[in-house]
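The following exercises are meant to be worked with the sequence and the coordinates open side by side. Each task is followed by a solution that proceeds step by step.

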Amino acid sequence: MKNFFDSYVVSHRENLFLNGFTIIKKKDVLTLDDYLTNISQLETNSEYFEKQLKQKGVFTLKASVQQKYKELFIDILFKSNIYELSCFITGQKLYLTNFKHYLTTGKTKELGWHRDTYFRDNKFHGILPSAYKLAIYGSDILNHDGCTAFVRGSHRIDLNNKFFDIFLSRMTRRVEKLTLNKGDSVLFNVNLLHNRLKTNYESSKRSAIIYGFALSNFYQNNYKINDNDKIINYFNKKLTQIIQW
Ligand SMILES: O=C(O)CCC(=O)C(=O)O
């Protein structure tokens, strides 16, 4: 079990501060094997997934199926110790708001560069203070598989201007494309400029389960919509049962 001051945890915390993201390798958490097998099995049921309307080739697990399998998706956070590790790395207690299971198949367009938390036209968008996401990948990901990409350090370089963000993603050498193995994860600050890149071949398949976390449970109430409260309540119950600090 790692603790808050382990050199592993400290170096990931420094990475997260500097770059806005940090990669947690499968070998650094307790076993994810059963989880990954169950995820792959779920993915064989095409009726469990629905098309993302504006994103050809992108599917997400239906809300009713998320609820049916909530134990699978939530228990693993604690069993693998990735939840506690993420809290130690961020230096925060994290509160689940939602999760999405994305399947990307065939040729797909990029999602587009964006921050989840930002300030535009005198308005704040997203969660403040800016929160974190944890993506666990259910397949190997190469650059042309719709990999996740980040503009390194952009969570600390924000002029609240979309043209500046375009400049950062196109004109600097700060873009980092993640090549990962099945079972690897990435923890990132949602103020970071990020993207899912395009896939350019028909047999491409990418699986990612992305968990959203806030820094307090205040925000969970805003996410208790369309039966997502069942998932939040289940997470909170596990949290109080398992985490003693
Ligand atoms: O799927 C990805 O790699 C990126 C996901 C994303 O942009 C998001 O969760 O906001």
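**Exercise 1. Determine which residues of helix 2 are exposed and which are buried, and say how the two sets are arranged around the axis.**

Solution. Begin with the exposed set, bearing in mind that the model is predicted: Asp33, Asp34, Thr37 and Gln41 are exposed on one side of helix 2, opposite the side that holds the buried residues. Next, take the buried set, which in helix 2 (residues 33-42) consists of Tyr35, Ile39 and Leu42. These three cover an arc of only 60° around the axis, and they therefore lie on the same side of helix 2. The general background is that an α-helix has 3.6 residues a turn, so residues three or four places apart point the same way. Finally, identify the packing partners: the buried residues of helix 2 pack against helix 4 (70-79) and strand 12.

**Exercise 2. List the residues that surround the ligand, and sort the shell by class and by element.**

Solution. The ligand is surrounded by Tyr102, Leu111, Asp116, Lys133, Thr148, His194, Arg196, Ala208 and Ile210. Two elements give two or more residues to this shell, namely strand 11 (194-196) and strand 12 (205-214). Sorted by class, the shell comprises four nonpolar, two polar and three charged residues.

**Exercise 3. Find the residues with the most contacts inside the largest nonpolar core, and trace the neighbours of phenylalanine 188.**

Solution. The largest nonpolar core has 52 residues, and those with the most contacts inside it are Tyr132, Leu134, Leu187, Phe188 and Phe213. If residues up to four places away in sequence are left out, phenylalanine 188 touches Gly20, Phe21, Tyr132, Lys133, Phe150 and His194. Two of these names, Lys133 and His194, also appear in the shell around the ligand.

**Exercise 4. Locate the cis peptide bond and the positive phi values outside glycine, and place each in its loop.**

Solution. The cis peptide bond joins leucine 128 and proline 129, with omega about -5°, and proline 129 is found in the loop between strand 6 (123-125) and strand 7 (132-137). Aspartate 121 has a positive phi near 45°; this residue is found in the loop between strand 5 (118-120) and strand 6, and it is exposed, with 6 other C-beta atoms within 10 Å. Asparagine 226 has a positive phi of about 50°; this residue is found in the loop between strand 12 and helix 7 (228-242), and it is likewise exposed, with 9 other C-beta atoms within 10 Å.

How values were computed:
Residues numbered from 1 in each chain as written. Predicted model: local features only at pLDDT ≥ 70, side-chain atom pairs only at ≥ 80, totals over all residues. Near = placed C-beta within 6 Å. Helix = DSSP H or I, 4+ residues; strand = E, 2+ residues; numbered from the N terminus. Nonpolar A, V, L, I, M, F, W, Y, C, P; charged D, E, K, R; others polar. Buried ≥ 20, exposed ≤ 12 C-beta atoms within 10 Å, placed from the backbone. Arc of directions from axis to C-beta. Contact = placed C-beta atoms within 7 Å. Core = buried A, V, L, I, M, F, W, Y, C linked by C-beta atoms within 7 Å.
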